[in-house]
Structure formats: structure tokens, C-alpha cells
Amino acid sequence: MMMKESFLSFQSLFQMMIRRRFGRSNKNQETHSSSQGNNNNIWQSFRHIRELKAAWNHFQPSGTCFLTYISFESHFFYGYLKLPILFIDDSTKPMFLNLVAYEMCPDALDDYAVTSFLCFLDDLIDHPDDVKELRSKKILYNSLGSDDEVAQIFNEIGDGVIDFDVYKDVKDDIQKHYDKRMNTWIAQAYHDHCSSPWTIMAVIAAVLIILLTGIQTYFAIPGN
């Protein structure tokens with residue numbers, strides 16, 4: 001009896017530690033369940049961060065380490081995906097694997113916060129360049145030294161877990177923004193012509209030449 005009480009006490013303490021470290025995803029689950037009927041037909045076609053960036057999406061830290069603080073906002077051409085700050089070191093993979101195993105237990109919390117977060121990151125990270133982008137935005141801090149190792153960690157974990165679609169609403173909003181081809185065209189034009197100060201100056205010079213040529217042509221017409 002005392003062993004059982006000790007186990008229950010330890011389990012409650014462990015669950016409290018998970019809530020304080022990773023937050024709860026009840027809010028996300030409620031949002032998902034309330035709009036699930038409207039988004040059943042949305043098929044996810046984006047595969048990694050590089051594709052989202054090409055569609056004029058930007059990444060920002062959510063300002064917290066709670067894994068459930070994930071949101072996406074679409075503003076005309078721009079899309080902003082906010083992700084929790086994550087520190088990666090040698091203990092990250094075994095820690096996440098243990099937490100995923102715990103969430104699969106019958107007596108564990110039923111919000112699947114860690115499992116769903118890992119599945120979400122697995123959808124975003126496919127290549128070391130994806131990790132590099134998150135590092136540049138101060139979202140991910142890599143203590144392993146290699147972006148390839150980080151990408152491999154999330155790919156390996158993601159291959160062995162079930163996605164409970166806790167963040168389905170966020171994925172659907174990303175997909176809707178991604179499907180706007182105008183965003184991709186504008187992003188491509190910006191990358192081709194405004195990716196460096198020299199190309200920006202060249203574009204401005206070209207526009208000025210066209211304007212000056214038009215003004216000169218206008219005043220060259222008799223009567224003007």
C-alpha cells in the first residue's frame with residue numbers, strides 16, 4: 001500500500017514537472033476539435049521550412065520554452081510562425097524519447113503535448129538548412145555543433161511516433177497561406193532581385209532610368 005502511494009505521489013510530481021516545463025495543450029485541443037469539421041479536406045503539402053520560407057513565411061520565437069506555444073498568423077503576403085525556444089544537447093533525444101514513452105502510458109496526461117510537438121517539428125525539419133534557419137531566428141540553440149545531427153534527431157524520433165493532430169489547426173492555417181501562389185511569386189521575385197544590396201540598387205537604378213526616360217519622352221513631344 002505504501003509503495004502504491006509512493007508511486008502515485010511520484011507520478012503526480014512528475015506530471016506537475018511536465019506541466020511546468022512543457023505547458024498544457026488543452027487550449028490547442030479545444031480549438032482543433034471546434035474547427036475540425038471545417039478543415040477535414042485540407043491536405044498538407046509543405047514538407048519543410050525551406051518550402052515555407054519560399055512562400056513568404058517568417059519564423060519567430062514565441063518567447064517561452066513551453067512546447068504548446070505554437071501559433072501562425074497570415075497577413076496578406078506575410079506569414080508568421082511562432083515556435084517555442086528549444087535548446088538541443090546530448091540529453092535532448094533520450095529525454096524526448098522517455099517523455100513520449102510516458103505519454104503513451106494509460107495513467108499519463110492525455111494531451112500528448114511532447115509527442116505532438118515532435119511530430120510538428122518533424123514536419124518542419126528535414127535538412128540541416130532547416131535547422132540553420134531556426135538557429136538564425138533564435139528559436140533553436142544547438143549545443144551539438146552540427147545542424148545535421150539535430151535534423152537527424154527529429155527525423156528519427158518523428159518516424160517512430162503517432163501524430164495525434166493536436167496542432168492540426170495551425171498546420172491548416174499554414175497550408176492555406178502556402179497555397180497562395182502569389183506569395184510564392186513575390187518571394188521568388190524578392191529573392192531574385194532584392195536578396196543583396198547590389199541587386200536592390202540595380203532594381204532602383206532600373207526603375208529610375210525608366211521614369212526619367214518616360215519624363216524625357218513626355219517633354220520631348222511638341223506642345224509639352
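**View 1. Helix α8 is mostly covered, with nine of its 11 residues buried.** Here, buried means under 20% relative accessible area, with exposed being over 50% and partly exposed in between (1.4 Å probe, protein chains only). The buried set in α8 is K168, D169, V170, K171, D172, I174, Q175, H177 and Y178. Helices (H or I, at least four residues) and strands (E, at least two) are DSSP runs, numbered from the N terminus. A word on what you're looking at: this is a predicted model, where local features need pLDDT of at least 70 and side-chain atom pairs count only at pLDDT 80 or more, while totals for chains, interfaces and linings use all residues. Residues are numbered from 1 along each chain as its sequence is written, and side-chain values use heavy atoms, with hydrogens and water left out.

**View 2. F120 and Y167 make an edge-to-face aromatic pair.** Their ring centres sit 5.8 Å apart, with 65° between the planes. Rings of Phe, Tyr and Trp (its six-membered ring) pair if their centres lie within 6.5 Å; planes under 30 degrees apart count as stacked, over 60 as edge-to-face and the rest as tilted. F120 belongs to helix α5 (residues 113-124) and Y167 to the loop between α7 (147-159) and α8 (168-178), so the pair ties together parts that are 47 residues apart in sequence. Both rings' residues, F120 and Y167, are buried. The structure holds five aromatic pairs, this one included.

**View 3. Helix α4 covers residues 92-103.** From first C-alpha to last, this 12-residue helix reaches 16 Å, close to the 16 Å expected at 1.5 Å a residue (the expected span being 1.5 Å times one less than the number of residues). Its buried residues are T92, F96, L99, V100, Y102 and E103. They cover an arc of only 160° around the axis, which puts them on the same side of α4. That arc is taken from the directions from the helix axis to the C-beta atoms.

**View 4. Two stretches, residues 1-10 and residues 25-37, have pLDDT below 50.** pLDDT is the predictor's confidence in each residue, from 0 to 100. The chain averages 77, and 71% of the residues score at least 70. Beyond near neighbours in sequence, residues 1-10 have zero contacts in the model (heavy atoms within 4.5 Å). Residues 25-37, by that count, have 17 contacts. Where pLDDT is low, the predicted coordinates should not be read in detail.
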